[in-house]
Amino acid sequence: MYGARQIGKTYLIKEIFAERYYKDNYIYIDFKKDNDVRDYINGNGKGSGPISDAKKIIEYLSLREKRVINKNTLLIFDEIQEALPIITALKYFKQDYSEIPVIATGSMVRIKIKRNQKISNQHALEGFFFPVGAIEEIYIHPISFEEFIYNSNRLLHDKIVESYNSKNPLENSIHELAMEELYRYLLIGGMPENVKMFLDGDSIVNIRKNIVSILTII
C-alpha cells in the first residue's frame with residue numbers, strides 16, 4: 001500500500017485492519033523509527049549486506065519479539081522507503097511463506113528507488129518498482145470532493161446526487177451552496193487530517209498552516 005505522506009495509510013492498516021482482525025497478534029515495524037530492524041534489513045554496520053531473505057527476517061523478528069510468527073501473525077512493514085531490501089523480500093514471503101499475511105506501506109517509495117539507482121548508477125534497474133506478480137498493490141488517494149461534501153453536508157450531497165441521476169440542473173441558490181463547498185474543498189484539500197480539522201470547526205488559517213507543515217515534513 002502506498003500513497004502520499006499523511007494520507008492515512010498507517011491508520012487504515014494498523015488502527016483499523018490489524019486491531020480488528022489481528023488483535024494482539026500482529027507485529028508492526030516502522031522503519032523510520034526502528035533503527036535496529038532498519039539497520040538489519042539494510043545491512044548497516046552489521047558486517048553483512050542487505051537482507052531480503054524472508055526466512056532470516058522471520059527468524060530475526062521472531063527472536064526479537066519473543067513470539068512465534070505463523071499464519072495467524074500479521075506482519076506490517078511501514079515506511080519501507082527507508083529499507084528498500086524489504087521490497088525484494090516480499091517476493092520470497094509470497095514464494096516461501098505465503099501463509100503468513102504481510103502488509104508493506106510507504107511514502108515516495110518509487111522516488112526513493114529512483115534516487116538510490118541514480119546514486120549507485122544502477123541504470124539496468126531503472127524499470128524496477130515491485131516484484132511482479134508477488135504482491136497486490138493498493139494506492140491510497142486523498143479524499144475526493146464527493147467524500148468531502150458527503151461528510152461536510154450530507155443533505156447537500158444527496159441533493160446533488162439526486163439532481164445528477166435525474167439529469168435535472170440544480171436550482172441557482174442550491175448550486176451556489178454546492179460551489180461554496182467546492183471552494184472550501186479547494187482550500188482545504190483532501191488530506192484526512194486537514195478535513196478532520198475543518199469538520200471539527202478549526203479555522204481555515206490553521207488548516208492552511210497544517211497543509212504547509214505536511215508539505216515540509218522530511
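I started with Tyr-11, which sits in helix 1 (residues 9-21); helices here are DSSP runs of H or I with at least four residues, strands are runs of E with at least two, and both are numbered from the N terminus. Tyr-11 is exposed, at a relative accessible area of 52%. My cut-offs: buried is under 20% relative accessible area, exposed is over 50%, partly exposed is in between (1.4 Å probe, protein chains only).

Before going on, I noted that this is a predicted model, where local features need pLDDT of at least 70, side-chain atom pairs count only at pLDDT 80 or more, and totals for chains, interfaces and linings use all residues. Residues are numbered from 1 along each chain as its sequence is written, and side-chain values use heavy atoms, with hydrogens and water left out.

Next I looked inside. The largest nonpolar core has 23 residues; such a core is a set of buried Ala, Val, Leu, Ile, Met, Phe, Trp, Tyr and Cys residues joined through side-chain atoms within 4.5 Å. Phe-31, Ile-57, Leu-61, Leu-75, Phe-77, Ile-86 and Phe-93 have the most contacts inside this core. At least two of its residues come from each of strand 2 (26-30), helix 2 (35-42), helix 3 (54-65), strand 3 (74-78) and helix 4 (85-96). Helix 4 gives the most, with 5 residues.

I then checked Phe-93. Skipping residues up to four places away in sequence, I found Phe-93 touching Ala-54, Ile-57, Ile-58, Leu-75, Phe-77, Ser-98 and Val-102 (contact means heavy atoms within 4.5 Å). Another core lies apart from the 23-residue one and has 8 residues, including Ile-188 and Phe-198.

How is strand 2 placed? Because 4 of its 5 residues are buried, strand 2 is largely enclosed by the rest of the structure. Strand 2 pairs with strand 3 in the parallel sense over 5 bridges; pairing needs at least two DSSP bridges between the strands. I picked out one partnership: Ile-27 bridges to Leu-75 in strand 3.

Later in the chain, I found Pro-192 in helix 9 (residues 192-199). Pro-192 counts as partly exposed, at 28% relative accessibility. Its C-alpha atom is 7.7 Å from that of Gln-6, although the two are 186 residues apart along the chain. Neighbours within four places aside, Pro-192 is in contact with Gln-6, Ile-7 and Ile-143.

My last stop was Asn-210, in helix 10 (residues 204-215). Asn-210 counts as buried, with 13% relative accessibility. Beyond four places in sequence, Asn-210 touches Glu-193, Asn-194 and Met-197.
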